[in-house]
Amino acid sequence: MKIVSVVGARPQFIKAAALSRVLSARHQEVLVHTGQHYDPLLSDVFFSELDLPPPDYHLGVGSATHGKQTAQILERLERVLLKERPQRVLVYGDTNSTLAGALAAAKLNIPLAHVEAGLRSGDRTMPEELNRILADHCADLLFCPTQTAVDNLAREGITAGVHLVGDVMYDALLAQLERLDPRAKLERLALTPRGYVLVTVHRAANTDDPRRLRAILDALGALALPAVFPAHPRVLKAMAAARLSPPPNVRVIDPVGYGDMLALEKEAHRVLTDSGGMQKEAFLLGVPCVTLRDETEWPETVACGWNTLAGADAERIAAAVERPPPTGDRPPLFGDGHAAEKIVRVLKG
């Protein structure tokens, strides 16, 4: 079977790497990179580091408004699908690349599979929430990472083609842990284990609102520990536009590759992030997470005490950082690390 896989952002490269290793052994995969993340530090490094083969097509879309970016991906991807004539299109997650891939497949009547289906934050002002809802309603195969995701789809009347497979990011993380050397990364940055917090901010709700961005930076500045901040280009531009500077204890560094990010997460005292993927990674690594949002698509991590929703509130952020970590074993929320194999078995059937 010929399958066109559509990726365009860091979390999708990670998921695709885990799945492609299994998928390519049984099917012909045509990999399309939309160019949504166009910076080499957010794109090229992940392909090389994860042993993901170079994309068969690079659409070169780059940064733009949501409407323009989605439209350009849709237009360029449609040409690829008409040329390749695949039996199936596969999309990941909740980005504009996901939505454009889902729409392109649906309008050409090509069966669609959605990996990481069924996630809901309950906030439809988030572009990601709309993207994932629309992709789910276009798909005929929906691969869910958690039981909560399955239940979310059932509430929307989607039960056919739904498969609980676990999370492919867990597959990727387990593979990476085998060759991870956190001490080397910490030594290069002169950090000590549990002696810092790791921070990422990239969502428009935080970067495009100067008040929220200032509040987050002020909250970081009030922490007793140093904060390591691999800065997304979006947040650097937003800080410059709002004339904001990082507090003295906040160390801004360039974006890092997947292995280096996992190393920093694994040894951090806390992970502070607005990223959905990093909420999961922190849980899987046993590091408490403070989510810089007021909602999450991973409520299971909050319910079991490993994730705290703090928004951009300085007091809530400080309290979450100082709270003792949960005790006891973490529940197996994200499967057994064999999600890719389960997905490919379903595709084969």
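## The parallel sheet

In this predicted model, six strands form an open sheet whose pairing is parallel, and their order across the sheet is S10-S9-S8-S11-S12-S13. Strand S10 (250-253) and strand S13 (307-309) stand at the edges with a single partner strand each, so one side of each is left without a neighbour in the sheet. From one strand to the next, the twist averages 20°.

Within this sheet, strand S8 (residues 197-200) pairs with strand S11 (residues 270-273) in the parallel sense over four bridges, and the bridge partner of Val-197 in S11 is Arg-270. Helix H15 (residues 314-322) packs on the sheet, where it touches S8, S11, strand S12 (289-291) and S13, and the direction of H15 makes about 155° with that of S11.

## A pocket lined by three helices

The second largest pocket holds about 180 Å³ of space. Helix H1 (10-23), helix H7 (168-177) and helix H16 (339-348) each supply at least two residues of the lining of this pocket, and H7 gives the most, with four residues.

Among the residues that line the second largest pocket are Ala-18, Arg-21 and Val-22, together with Asp-171, Ala-172, Leu-174 and Ala-175, and also Asp-336, Gly-337 and His-338. By class, the lining of the second largest pocket has six nonpolar, two polar and four charged residues.

## The enclosed cavity

The count of cavities of 30 Å³ or more comes to one, and about 40 Å³ of space lies in the largest cavity. The residues that line the largest cavity are Val-115, Glu-116, Phe-143, Cys-144, Pro-145, Val-165, Gly-166, Asp-167, Val-168 and Ile-343. By class, this lining has seven nonpolar, one polar and two charged residues.

## Two loop residues with positive phi

Glu-116, which is one of the residues lining the largest cavity, is found in the loop between strand S5 (112-115) and helix H5 (127-138). Phi of Glu-116 is near 75°, a positive value in a residue other than glycine. Because its relative accessibility is 9%, Glu-116 counts as buried, the cut-off for that class being under 20%.

Arg-194 is found in the loop between helix H8 (182-188) and S8, and S8 is one of the strands of the sheet described above. Phi of Arg-194 is near 65°, again a positive value in a residue other than glycine. With 42% relative accessibility, Arg-194 counts as partly exposed.

Key
Residues are numbered from 1 along each chain as its sequence is written. This is a predicted model: local features need pLDDT of at least 70, side-chain atom pairs count only at pLDDT 80 or more; totals for chains, interfaces and linings use all residues. Side-chain values use heavy atoms; hydrogens and water are left out. On a 1 Å grid over the protein atoms alone, a cavity is a set of points where a 1.4 Å probe fits but cannot get out, and a pocket is an open set with protein on both sides within 12 Å along at least five of seven lines; lining residues have an atom within 4 Å of a point. Grid points are joined across faces, edges and corners, and a volume is the space filled by probe spheres set on the points. Ala, Val, Leu, Ile, Met, Phe, Trp, Tyr, Cys and Pro count as nonpolar, Asp, Glu, Lys and Arg as charged, and the others, Gly among them, as polar. Two strands pair if DSSP finds at least two bridges between them. Axes are lines fitted to C-alpha atoms, for helices over the stretch in contact, and angles run from 0 to 180 degrees between N-to-C directions. Contact means heavy atoms within 4.5 Å. Buried means under 20% relative accessible area, exposed over 50%, partly exposed in between (1.4 Å probe, protein chains only).
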